[in-house]
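Student: Please pick one part of this model for a close look and walk me through what it sits against. I'd like the charged pairs included.

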Amino acid sequence: MSVLDPKSWETDTPRTLDGRAYPDRLREYEQYDDKILPFVRERRPIDFNGLLGAVGSQRLQAALYSWVDSAEWRGLIEPVPGVRPPAWVLGPIGRAQARAAARDAA
């Protein structure tokens with residue numbers, strides 16, 4: 001995937017810098033954000049096997065690959081450059097959401 005256009009973050013249709021739009025097929029995986037994103041927040045960086053073990057539920061495990069794709073598109077998570085196997089940390093939108101949640105909890 002190309003780099004996301006920061007101007008499109010937090011819109012209904014994130015876009016890449018080369019103009020490609022967020023695929024509709026990934027929208028169904030947004031429902032898992034509240035269940036999976038906390039593991040990225042707590043165990044950063046976390047690789048795919050770490051996420052598989054953390055989520056536990058077979059339903060979430062089955063959705064995980066597409067959720068990662070969806071979450072990257074939406075800026076919730078971002079890959080850690082140069083790390084093998086691939087691992088993720090909170091992306092710009094995920095970090096903003098975590099800061100907002102911390103403020104709300106305080």
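Tutor: A salt bridge here is a side-chain nitrogen of Lys or Arg within 4 Å of a carboxyl oxygen of Asp or Glu. This is a predicted model, with residues numbered from 1 along each chain as its sequence is written. Local features need pLDDT of at least 70, side-chain atom pairs count only at pLDDT 80 or more, totals for chains, interfaces and linings use all residues, and side-chain values use heavy atoms, leaving out hydrogens and water.

Let's zoom in on D33. Its side chain meets that of R74 in a salt bridge, 2.7 Å from N to O. That pair connects distant parts of the chain: D33 belongs to helix 1, while R74 is in the loop between helix 3 and strand 2, 41 residues apart. (Helices, H or I of at least four residues, and strands, E of at least two, are DSSP runs numbered from the N terminus.) Both R74 and D33 are buried, meaning under 20% relative accessible area, with exposed over 50% and partly exposed in between (1.4 Å probe, protein chains only).

D33 also has a hand in the helix packing. Along with K35, I36, L37 and V40 of helix 1, D33 meets R59, L60, L64 and W67 of helix 3, contact being heavy atoms within 4.5 Å. Helix 1 spans residues 33–42 and helix 3 spans 58–73; their axes come within 11 Å and cross at roughly 75°. (Axes are lines fitted to C-alpha atoms, for helices over the stretch in contact, and angles run from 0 to 180 degrees between N-to-C directions.)

Helix 1 has the sheet to deal with too. That sheet is open, has 3 strands in the order 1-3-2, and pairs antiparallel; pairing takes at least two DSSP bridges. Strand 1 (46–47) and strand 2 (77–79) are the edges, each pairing on one side only. Strand 1 and strand 3 (residues 87–90) share 2 bridges, and I46 stands opposite W88 in strand 3. Helix 1 touches strand 1, strand 2 and strand 3, and its direction makes about 95° with that of strand 3. Helix 4 (residues 92–105) lies across strand 2 and strand 3, at about 45° to strand 3.

Back to charges: the structure holds 6 salt bridges. One of them joins D69 to R25, with closest N and O atoms 3.5 Å apart. D69 sits in helix 3 and R25 in the segment before helix 1, so this pair ties together parts 44 residues apart in sequence. D69 is partly exposed at 22%, whereas R25 is exposed at 53%. Salt bridges also link D24, R27 and E30 in a network.
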